[in-house]
Amino acid sequence: MATFFGWGARLGAMMNENRGGPWGPSGGGGGSGDGDGGGPRNPWGQPPRRRRTPGTGTNVSSIDDFLRRSRERFGGRFPHQEGRPYWLYGLGVFVLLWLLFTCFHLIGPQERGVVTLFGKYSRTVNSGIAMTLPLPIERLQKVDVGQIRTRDIGSPDASQENLILTGDQNIIDVAYSVRWTIRDPQLYLFQINDPESTIGEVAESAMRAVLATVSLDDAIGAGRSDIESRVSQVMQQVLDRYGAGVRIEGIAIKQSDPPATVNNAFKEVSAAQQEAQSYINQARAYAQQQTARAQGDAAAFDKVYAEYKLAPEVTRRRMYYETMERVLSKVDKTVVEADGVTPYLPLPQVQRQAQEGAAR
Amino acid sequence: MSPALRNPIVIAFIAIILLVLVGSTFATVPETKQAVIVRFGNPDRVINAYKPGVDFGRTGAGLIARLPFMEQIVWIDKRILSVKMDRQQVLSTDQLRLQVDAFARYRIVDPLQMYISAKTEERVSDQLKPILGSAIRNELGKRQFATLLSPERGQLMANIKRALDRVARQYGAEVVDVRIKRADLPEGTPLDSAYERMRTARQQEAGAIRAQGYKQAQIIKAEADAEAARTYAEAYGKDPDFYAFYRAMQSYETTFAPGENQGRSSIIMSPDNQYLQEFKGRNR
């Protein structure tokens, strides 16, 4: 026994270097197997020493000091000298720590704790500090119910197409993500093997089932939000049937495009739409011009006509002479005077004059 | 007696034996597992067997005892498990090939039966996988391709599920759901021809859109012309004779007045011209 203890202390000293890390609780958990006669071998065997040097607290002041003492203990006296074996104290402290770590649980604001009593579901506790019986009897599993988890299916990357058939036997490339949370922690833990991949598969099949009922134009255009809500509805139904304890928060279609190989043809359609629109715009411009011009002309005529009505004969003459003045003042005029003389028209001269006029 | 008991080695020995005994007598059955207790190789009883509609906490899970060393525990999953069918080509009645991925969800509802017939969950999955495949091939092979994309799909899935469930019962399992994950056209000719169809459909649509745009543009122009004509007619109709004169005056001005790109005009007039009436002097 004495040799046992000596080794135990050495072991404890070696373990010491790790102390302060996450060793506390997990070391305790690992120790559940040697809760029996192996107690002294446990790293927790050191606390008796702490009793001897009360000032040091849980942290060991100096490893050297500790080593020296344990060596001294090993080489010389037996630990039985004080009447009670050290390992009993060690066991006591170990049990205390064990109780501390496995009875009290801090549960975060978004978490729930599912407590099982010997494996049997006992209760779900809300956030705060929860108390349970110690570990082998009761066990608490924390589940984060507030976190919205996301699962992406397909990717907007052109290299990986997630092709889906639509109701009119066309093919589209869809990328979407599913957002979900845990609704019932106990169902989530106990009901389904591998819930995450289940959600992914259900999402894929639901998306395909819904897209199989809509047309290509709806799927790439206006029908998107409708598709999203229908998919999440179908998913919720299926998962509820499984009893998955999961709530589908929503589906987000990130991309729904025609496949890359036919994309040009689709672009042609939008080009045609632009073109048609530009035809119409041009026609509208022409129409506005035509109407405005007609209205202008008509208005001008009306004005003149109103004047003309007042003195038809005079106005007519005046307009005639004014117009003739404007016209004839700027052109070459030839008046053929005599009656009965064959008019001779000097065509070359007329042409020359015309050329001069053009050159000027 | 008492000195032997005081010997720490003896105490440790007894403690270890006790611990082993306790460990092999008691076991905790978690909510996620069903336990088949096997006595000398014979399945004897089932603990925490699945019963539909039982809330967690009221199941048979918890601490159980058994005869140490004589009874073994075989653990069987109580949760919903999945079988995935590898991608398969299916031929529909209209000779279209489809690549189908499917999965089924099942649960072991009769662990004893399952233990006798399959021993492990993996073997149940292995047994169900080909049956799922053939059920899907049979059902889809009886239908047209378009059925897959129609509301009849639900009926189809129900048939497949029934066929699979019949087999699963022999392994103590119950099929919860069968779903087609993917149903794609296979690579190569079928996919290409589908693409070609999409492409031509789009080109046709583009042509139609262009023609529609042209048609609308023409209608708009014609309507504007008609509108203009009506405006003119309304105004000029008041005095056609004056309009003829008015318009002639405008026309002369445009035609004979030298503009930017016009040649010079030469006018040869007869003295009888009305314009020159006064020029000749009046014969009164």
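These are my notes on what I looked up in this predicted model of two chains, A and B.

**Entry 1: chain A overall**

I started with the secondary structure of chain A, which comes to 12 helices and 10 strands. Of its 360 residues, 30% are buried. I then checked sequence separation: taking contacts in chain A between residues at least 6 apart in sequence, 72% join residues at least 24 apart.

**Entry 2: α7 and α9 in chain A**

Next I looked at a helix pair in chain A, α7 (residues 195-211) and α9 (residues 224-242). Their axes are 9 Å apart and the packing angle is about 130°. That angle makes α7(A) oblique to α9(A), because it falls in neither the parallel, the antiparallel nor the perpendicular range. The crossing of α7(A) past α9(A) is right-handed.

Which residues make the contact between α7(A) and α9(A)? From α7(A) I listed A:Val202, A:Ala203, A:Ala206, A:Met207, A:Ala209, A:Val210 and A:Leu211. From α9(A) I listed A:Ile227, A:Arg230, A:Val231, A:Val234, A:Met235, A:Val238 and A:Leu239. Sorted by class, the residues of this contact are 13 nonpolar, no polar and one charged.

**Entry 3: A:Ser229**

I stayed on helix α9 of chain A and picked A:Ser229, which lies in it. Is A:Ser229 buried or partly exposed? I count it as partly exposed, because it has 13 other C-beta atoms within 10 Å, while a buried residue needs 20 or more. I also looked up a distance from here: the C-alpha atoms of A:Ser229 and A:Gly250 are separated by 7.3 Å, with the two residues 21 apart along the chain.

**Entry 4: α4 and α5 in chain B**

Over to chain B, where I took α4 (residues 121-141) and α5 (residues 153-170). Their axes come within 9 Å and cross at roughly 145°. I noted a right-handed crossing for α4(B) past α5(B).

The α4(B) side of the contact is B:Leu128, B:Ile131, B:Leu132, B:Ala135, B:Ile136 and B:Glu139. The α5(B) side is B:Leu156, B:Asn159, B:Ile160, B:Ala163, B:Leu164, B:Val167 and B:Ala168. By class I get 11 nonpolar, one polar and one charged.

**Entry 5: α6 of chain B**

I checked the span of helix α6 of chain B, residues 189-236. Its 48 residues should span 70 Å at 1.5 Å a residue, and the end C-alpha atoms are 70 Å apart, so the two agree.

Which residues of α6(B) are buried? My list is B:Met198, B:Arg202, B:Ala206, B:Ile209, B:Gly213, B:Ala217, B:Ile220, B:Ala224 and B:Ala228. I then asked what these buried residues pack against. The partners are in chain A: β8 (171-182) and α10 (263-310).

**Entry 6: where the chains meet**

I turned to the contact between the chains, which takes 83 residues from chain B and 85 from chain A. On the chain B side, α6(B) gives the most, with 27 residues. That side of chain B divides into 45 nonpolar, 15 polar and 23 charged residues.

Last, I went back to the pairing of α10(A) with α6(B). The axes are 8 Å apart and the angle is about 0°. That makes the two helices roughly parallel, because angles under 35 degrees count as such. The contact of α10(A) with α6(B) has 24 nonpolar, 11 polar and 15 charged residues.

Definitions and conventions:
Residues are numbered from 1 along each chain as its sequence is written. Chains are lettered from A and ligands numbered from 1 in the order in which they are written. This is a predicted model: local features need pLDDT of at least 70, side-chain atom pairs count only at pLDDT 80 or more; totals for chains, interfaces and linings use all residues. Axes are lines fitted to C-alpha atoms, for helices over the stretch in contact, and angles run from 0 to 180 degrees between N-to-C directions. Helices (H or I, at least four residues) and strands (E, at least two) are DSSP runs, numbered from the N terminus. Angles under 35 degrees count as roughly parallel, over 145 as roughly antiparallel, 65 to 115 as roughly perpendicular and the rest as oblique. A crossing is left-handed if the near helix is turned anticlockwise from the far one by less than a right angle, and right-handed if clockwise. Two residues are in contact if their C-beta atoms, placed from the backbone, lie within 7 Å. Ala, Val, Leu, Ile, Met, Phe, Trp, Tyr, Cys and Pro count as nonpolar, Asp, Glu, Lys and Arg as charged, and the others, Gly among them, as polar. The expected span of a helix is 1.5 Å times one less than its number of residues. A residue is buried if 20 or more other C-beta atoms lie within 10 Å of its own, exposed if 12 or fewer, and partly exposed in between; C-beta atoms are placed from the backbone.
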